[in-house]
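This report goes through a few local features of the chain shown below. Salt bridges come first, followed by a helix, a sheet and an annotated span.

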Amino acid sequence: MSPTQWDFPVELCCRPMAFVTLTGLDVVFNAVHRAVWDAFCANRRADRVPISFKVLPGDHEYPKCRPKRTSYEWYIPKGILKTGWMNKHLNLVPALVVVFYELDWDEPQWKEKQSECATRVEIVRQSLQGRNTKVAVVLIQKKTPLPPGEDVIASERAAALCNACELSGKSLFVLPHTDHLVGYIIRLENAFYEHAQTYYYTEIRRVKSHKEFLNKTTHQLLFVRHQFKIAFFSELKQDTQNALKNYRTAYNLVHELRAHETNILEIKTMAGFINYKICRLCFQHNTPLDAIAQFRKHIDFCKKKIGSAELSFEHAAWMSKQFQAFGDLFDEAIKLGLTAIQTQNPGFYYQQAAYYAQERKQLAKTLCNHEASVMYPNPDPLETQTGVLDFYGQRSWRQGILSFDLSDPEKEKVGILAIQLKERNVVHSEMIITLLSNAVAQFKKYKCPRMKSHLMVQMGEEYYYAKDYTKALKLLDYVMCDYRSEGWWTLLTSILTTALKCSYLMAQLKDYITYSLELLGRASTLKDDQKSRIEKNLINVLMNESPDPEPDCDVLAVKTAQKLWADRISLAGSNIFTIGVQDFVPFVQCKAKFHAPSFHVDVPIQFDIYLKADCPHPIRFSKLCVSFNNQEYNQFCVIEEASKASEVLENLTQGKMCLVPGKTRKLLFKFVAKTEDVGKKIEITSVDLALGNEMGRCVVLNWQGGGGDAASSQEALQAARSFKRRPKLPDNEVHWDSIIIQASTMIISRVPNISVHLRHEPPALTNEMYCLVVTVQSHEKTQIRDVKLTAGLKPGQDANLTQKTHVTLHGTELCDESYPALLTDIPVGDLHPGEQLEKMLYVRCGTVGSRMFLVYVSYLINTTVEEKEIVCKCHKDETVTIETVFPFDVAVKFVSTKFEHLERVYADIPFLLMTDVLSASPWALTIVSSELQLAPSMSTVDQLESQVENVVLQTGESASECFCLRCPSLGNVEGGVATGHYIISWKRTSAMENIPTISTVITLPHVIVETIPLHVNADLPSFGRVRESLPVKYHLQNKTDLVQDVEISVEPSDAFMFSGLKQIRLPAQAFYTYQYFCQATGSTHG
């Protein structure tokens, strides 16, 4: 049997379609015929009817039909299903034969053409003798036919042609060769499809008619056969529901057959075929759960039907094929729109197929392990006369023999031997890898990472067995990362062991060393004796010698590998291998830890490198190097011990570089930082540990950063969560888990030994020159140089504060907007020990609120660190928050000359402007002077002189001034009339004389001015005497440009006697003033 024996036949796996043959078409030399054929076959869309077309000559010989059986009484079937039956009805026996003939209705030689066409139809019928195949004729015409009934000649000739060809009218068609050829072809197809369905319906009835002649005793195989044929014809008829129903019946009948070692293979083969059909149709009907249930039922029925024990690998092969085929069906359904899930996807079926393929491999290895002297039988018992079997699932040396007793045991033995020897040549690993690859693709698609990793390991192992070590290593390397990150150490050890064998057999030096380093480490679950062997081999490789072979390797592969290793030794080349350990778990652990997160520049930087070996024996390393982000420090952090390659495992009690398993080795490093690195971070970028030397081979283990490997983060997390009490260790030892990596430190400036004091009188007043006295005193033991002062508003505050804050060293001048908010690097000279200096700063704040001010003092000083003199730049800063407030509040009001409050004033009538200055400062203020600047619309009645000049105001005290003003008539001004500005010049009473005064400008409020037509003014004496006359004078003034008629009346008072006119009426001319006298007072009104 060939290795492809277990593949399902193509005719079983394809979609059955009605088979129609086309005759009379010359597709090679006739362009019209070629166009017709292309219209049938090219670019068929899914919506066209399912027909399989084939062009055959008119005299083609179709398979002969056997004579009809009239009785089954003495008929004993030789098998269930013939191997050629499905192909015969798919590709050989047509449901319809179509005869194409070029003939127009107006053909002059109609009789001859009609006769020729009838002859062709008769030839086809003769070749189909005994078959129910339908025959149809298609006339290829050049003209488009008229609608039915209009062309009388066409109707008559069509009837005559049907009679001559013995055809019904439904079997004659016309195909005009016009621009609409495809449309006509599609209509023809639909008609052909109806004829084909009629044919398959007839075949189904024919097969069903045989059932009444069968009995359950001798015709069990025929029940299965006929049921399968009915189902298959139903599929050809596209009646998939009935097809599924009949396939299910056929499946049940298969399992009712009596099974024996001689027929078990045929039963399983047919069961597999029918199961495939059922599952395919279930997926096609979008009932995937039915398909899965059927497949599980199928596997449960068949998994124990092993058959001959000597050929049990065949059962494993059959099981593998069942799972693979179902996986293919499942995947095909998904591509057509079915939705799968993580727990139910094709990957599981491919995985099981691979499992049974592996089982087949193991069974074949056991059962086919014949001596080399055993020859393949001659003649070949697996060959047949035709080259194929008559019935599916039968043995070639006993075809058609259904007896349970073996008639020729010797022939049976030879046949089994031939199968076993053939199986020995099968490349099992290739099949297993293909199935595993399919499963991996599915699990990747459905996001099942652990299943994917598990199967990739199996793929790697299969590549190893197939001796494709490169691909094996590639897969195993990919999977190792997942197992390391999740801590599956047992699985990782198994994978590493296989990877080590691959690297040995390929003589890959770097890979061999890398896997050896990891198998010696804490992640490896190997026993100590195995680790010792690997450690010895590693040392041999470092000594430029060949390692011993890995156990359980193929003998021939080992011999090839030994030659490769010998070539590696003889070749000259680079013998230094740098291996980054961040992606695996070596047998040495490393942690770097700075003593502090920051160091002053005048203090040596100190850090420790902790090393711990996990290998079974003590081991000596040759060199340790620490690299920094600033490479100038690398030279200070190197430890090197000269040793020979043979001393790697000797003299292990001496030297810093000797590591004892389980013991932590601490190495101290110390160096002085450079002054230009102040403010920078010093970071350990890598730690290199060398094993071996350059005379042989040298392996450099490279830790990125401050150490740690692929397992470190997980171990640190477990240690943090553990409540287990750590045992007490001697004082010079530490627990490895308690060491925390600290790979970076900051270089900060030397601690300054000066004092900076700030003296001031808060709060600051708006716009004043606020004095801030800075006192710097040196407490250093030596002179400090280049002392510089930076002072002013601390950066980073609100931008508005920066624009409204100005700093200067000169208090005699007022700051304007050109002055900065921060003065930088003001040189103040050198200071001797104990010496101090003072510097006055003047700050002008234009707005109220809090401000933070910075005073930063820097200087240089010489100092000695580790017997090395360096120049240190030291600095000290002080910050102070100063609140800025208004110095005073100014209240302004308008009153009449009688000090009555005015909401508005009257044109040309004097009124009083009163100002009230209330001190809001906690310190005494001196008002140097005040000034009233009137707007052009205002005029003064008397002199404008300051009434508060040199007045000192304490907190809460106020000073008032009064000004008599007049506003001429301006008409009706919207919003009132501007008054002017009130300017106050002031300074702190405690301020020095040279501090300039501050002028605060107060904008006076606008006032509403009204114009009245008549002014009345009374002139009263300041006092009167009893019984003496009291003269009262009234002034009346007309302010308009018209003559006003004025009536004056005086109402007497009981307290006075009155003489004079009590009532008078007179005209008042425009802009004219009148005087009216009376001798007693009273009320007058006009």
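Arg 522 is partly exposed, because its relative accessible area is 23% and the partly exposed class runs between 20% and 50%. The structure is a predicted model, and the values here are computed from it.

**Salt bridges**

Arg 522 meets Asp 709 in a salt bridge, with 2.7 Å from N to O. The two residues belong to distant parts of the chain, 187 residues apart. Arg 522 lies in the loop between helix 18 (509–519) and helix 19 (528–542), while Asp 709 lies in the loop between strand 16 (698–704) and helix 21 (712–721). Asp 709 is buried, with a relative accessible area of 8%.

Salt bridges with shared partners also join Arg 44, Arg 48 and Glu 189 into one network. The count of salt bridges in the model comes to 33.

Another of these pairs is Arg 280 with Glu 332, whose closest N and O atoms are 3.9 Å apart. This pair also links distant parts of the chain: Arg 280 is in helix 9 (residues 264–284) and Glu 332 is in helix 11 (residues 312–335), 52 residues apart. Arg 280 counts as buried because its relative accessibility is 15%, under the 20% limit. Glu 332 has a relative accessible area of 37%, so this residue is partly exposed.

In a further salt bridge, Glu 486 pairs with Arg 450, and the closest N and O atoms are 3.0 Å apart. Glu 486 belongs to helix 16 (residues 469–486) and Arg 450 to helix 15 (residues 449–465), with the two positions 36 residues apart in the chain numbering. Glu 486 is partly exposed, at a relative accessible area of 35%. Arg 450 counts as exposed because its relative accessibility is 54%, over the 50% limit.

The three pairs described above are listed here with their N to O distances.

| Salt bridge | Closest N and O atoms |
|---|---|
| Asp 709 and Arg 522 | 2.7 Å |
| Glu 486 and Arg 450 | 3.0 Å |
| Arg 280 and Glu 332 | 3.9 Å |

**Helix 3**

Which residues of helix 3 (residues 85–92) are buried? They are Trp 85, Met 86, His 89 and Leu 90. These residues lie on the same side of helix 3, because they cover an arc of only 125 degrees around the axis. The buried residues pack against helix 1 (10–13), strand 1 (18–23), helix 6 (181–208) and helix 7 (220–236).

**A sheet of 4 strands**

Further along the chain, 4 strands form an open sheet in the order 32-30-34-35, with antiparallel pairing. Strand 32 (951–953) and strand 35 (998–1003) are at the edges; each has a single partner strand, so one side of each has no neighbour in the sheet. From one strand to the next, the twist averages 35 degrees.

Within this sheet, strand 30 (residues 925–934) and strand 34 (residues 980–988) run antiparallel and are joined by 9 bridges. Ile 927 stands opposite Trp 986 in strand 34.

**An annotated span**

UniProt, in an unreviewed entry, lists residues 1036–1066 as "domain: Trafficking protein particle complex subunit 11 C-terminal". In the model, this span is 48% strand and 0% helix. The C-alpha atoms at the two ends of residues 1036–1066 lie 11 Å apart.

How values were computed. Residues are numbered from 1 along each chain as its sequence is written. This is a predicted model: local features need pLDDT of at least 70, side-chain atom pairs count only at pLDDT 80 or more; totals for chains, interfaces and linings use all residues. Side-chain values use heavy atoms; hydrogens and water are left out. Two strands pair if DSSP finds at least two bridges between them. Axes are lines fitted to C-alpha atoms, for helices over the stretch in contact, and angles run from 0 to 180 degrees between N-to-C directions. Buried means under 20% relative accessible area, exposed over 50%, partly exposed in between (1.4 Å probe, protein chains only). The arc is that of the directions from the helix axis to the C-beta atoms. Contact means heavy atoms within 4.5 Å. UniProt positions are given in the numbering used here, feature names are shortened, and annotations may be inferred rather than shown by experiment. A salt bridge is a side-chain nitrogen of Lys or Arg within 4 Å of a carboxyl oxygen of Asp or Glu.
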